[in-house]
Amino acid sequence: MDRVEADLDLVDVRRVLAGDPEGFEGIVRRWQGPLINLAYRFVRDRGRAEDMAQEAFLKIFQQLARFRGDSAFSTWMFSVALNVYRSSLRRRAPPSVPLDAVAGMVGRSAPQLALEEAQREELVRRAVAALPPRYRDALTVFYFKDKDLAETARILEVPKGTAKALLHRGRKLLQRKLGVLGAAPSSAREAHA
Amino acid sequence: MTADDLDRILASEEPLIPSSGFAAATMERVRESASAPPPLPFPWHRFLLGLLVMLALSGLGGWAAVRLHAMEALGSAFGYVLADPHLWLPLAGAGVALAGTYLLVGLTLGFTGASR
């Protein structure tokens, strides 16, 4: 997020709080992509992701007076959106993933894997969406925010250490489910975050 | 597939482009929300006042029931005791037991009746 974008957000927020709902349009136009994409990572369904993002925007609009400016507007906005997405996922969970299908691909030959790469990647992402909610949320937000641990912790509203532990356990759980062996990835990058 | 492959897969995702009408449809809902009357807040002050009145009445009812029934019981027992001196002791015990029972029943009825 750049400085200009953050300033534009604050201008729009003040406009809405002053009684002009049209000021919210700028926020919707700037953040529709990120909010839809975050929702998509949870449900892997474009139509439902857009419905969820719309609900999130509505909630953000209704709760705008609660934004105190303690954090960046985008952080607060993603935090509200995440809560909306969690509620939606509690009401209707995305279809379960046949993890055996992913694990079964591990032993296949290189040409077969190459052919199935896109499908395999999609199944791995669906496997993340099928993790227990706290690990699912941590992994999803972490990768969505380009592995920014501090920002992930702020959006999840947990201390940084807790976010790191959730990511570690989430990855281990995912690896166990997928039958993947190897060291936990990007631990060095997190240590610097 | 290694753990680093997992990391790479999760870090790389093709971004979705929002549908063309998404922003307009969202703003339509925002406008509807803005023009709708604000939801009625829960009347906490009235609720708490009502609760306090209810508790006070309940206490008063319980106290009145206990007092009334206990006095009646003691009065009856006292009459028998006066008529036959041999019954003074057992009847006094019975009167106390009756009063105790009335006390419990009266308290229960008082609270239950007041809460309706």
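## Exercises on a predicted two-chain model

A:Asp146 is exposed, because just 9 other C-beta atoms lie within 10 Å. This model is predicted. The exercises start from this residue and work outwards.

### Exercise 1. The loop around A:Asp146

Place A:Asp146 in the chain and describe its backbone. Then do likewise for A:Lys147.

Solution.
- Step 1. Locate A:Asp146: the residue sits in the loop between α8 and α9 of chain A.
- Step 2. Read its phi. The value is positive, about 55°, although A:Asp146 is not a glycine.
- Step 3. Move to A:Lys147, which is in the loop between α8 and α9 of chain A.
- Step 4. Read phi again. For A:Lys147 it is near 60°, a positive value in a residue other than glycine.
- Step 5. Judge exposure. A residue with 12 or fewer neighbours is exposed, and one with 20 or more is buried. A:Lys147 has 18 C-beta neighbours inside 10 Å, so it counts as partly exposed. A:Asp146 has 9, so it counts as exposed.

### Exercise 2. The helices on either side of that loop

At what angle do α8(A) and α9(A) pack, and which residues meet?

Solution.
- Step 1. Take the geometry. Helix α9 covers residues 149–156 of chain A, and its axis lies 9 Å from that of α8(A). The angle is about 135°.
- Step 2. Classify the angle. Over 145 degrees would be roughly antiparallel, and 65 to 115 roughly perpendicular. The value fits neither range, so α8(A) and α9(A) are oblique to each other.
- Step 3. Give the hand: α8(A) passes α9(A) in a right-handed crossing.
- Step 4. List the partners. From α8(A) come A:Asp137, A:Ala138, A:Val141 and A:Phe142. From α9(A) come A:Leu149, A:Thr152, A:Ile155 and A:Leu156.
- Step 5. Sort them by class. Six are nonpolar, one is polar and one is charged.

### Exercise 3. The fold and core of chain A

Describe the secondary structure of chain A, then find the residues that touch the most other members of its largest nonpolar core.

Solution.
- Step 1. Count elements. Chain A has eleven helices and zero strands.
- Step 2. Check burial. Of its 193 residues, 37% count as buried.
- Step 3. Check contact range. Take contacts between residues at least 6 apart in sequence: in chain A, 59% of them join residues at least 24 apart.
- Step 4. Turn to the core. It holds 53 residues, and A:Leu35, A:Ala39, A:Ala56 and A:Ala81 touch the most other members. The largest share, eleven residues, comes from α2(A).
- Step 5. Look at one of these residues. Leaving out residues up to four places away in sequence, A:Ala56 touches A:Leu35, A:Val80, A:Ala81, A:Val84 and A:Tyr85.
- Step 6. Add the general rule. In soluble globular proteins, nonpolar side chains tend to be buried together.

### Exercise 4. A loop residue with a distant partner

Is A:Pro95 buried or exposed? How far is its C-alpha atom from that of A:Ala130?

Solution.
- Step 1. Locate A:Pro95: it is in the loop between α4 (73–91) and α5 (99–105) of chain A.
- Step 2. Use the neighbour count. A:Pro95 has 11 C-beta neighbours inside 10 Å and therefore counts as exposed.
- Step 3. Compare sequence and space. A:Pro95 and A:Ala130 are 35 residues apart along the chain, and their C-alpha atoms are separated by 8.4 Å.

### Exercise 5. Where chain A touches chain B

Describe chain B, then the side of chain A that touches it, and finish with the crossing of α2(A) and α2(B).

Solution.
- Step 1. Sketch chain B. It has four helices and zero strands. Of its 116 residues, 13% count as buried.
- Step 2. Count the interface: 34 residues of chain A contact 24 residues of chain B.
- Step 3. Name the elements of chain A that give two or more residues: α2 (24–43), α3 (46–62), α7 (117–129), α8 (133–144) and α10 (160–178). The largest share, ten residues, comes from α2(A).
- Step 4. Sort the chain A side by class: 18 nonpolar, eight polar and eight charged residues.
- Step 5. Follow α2(A) to its partner, α2 (residues 22–35) of chain B. Their axes come within 10 Å and cross at roughly 140°. The crossing is right-handed.
- Step 6. List the contact. α2(A) supplies A:Phe24, A:Glu25, A:Val28, A:Arg29 and A:Gln32, and α2(B) supplies B:Phe22, B:Ala23, B:Thr26, B:Met27 and B:Val30. By class, six are nonpolar, two polar and two charged.

Key
Residues are numbered from 1 along each chain as its sequence is written. Chains are lettered from A and ligands numbered from 1 in the order in which they are written. This is a predicted model: local features need pLDDT of at least 70, side-chain atom pairs count only at pLDDT 80 or more; totals for chains, interfaces and linings use all residues. Two residues are in contact if their C-beta atoms, placed from the backbone, lie within 7 Å. Ala, Val, Leu, Ile, Met, Phe, Trp, Tyr, Cys and Pro count as nonpolar, Asp, Glu, Lys and Arg as charged, and the others, Gly among them, as polar. A nonpolar core is a set of buried Ala, Val, Leu, Ile, Met, Phe, Trp, Tyr and Cys residues joined through C-beta atoms within 7 Å. Axes are lines fitted to C-alpha atoms, for helices over the stretch in contact, and angles run from 0 to 180 degrees between N-to-C directions. Angles under 35 degrees count as roughly parallel, over 145 as roughly antiparallel, 65 to 115 as roughly perpendicular and the rest as oblique. A crossing is left-handed if the near helix is turned anticlockwise from the far one by less than a right angle, and right-handed if clockwise.
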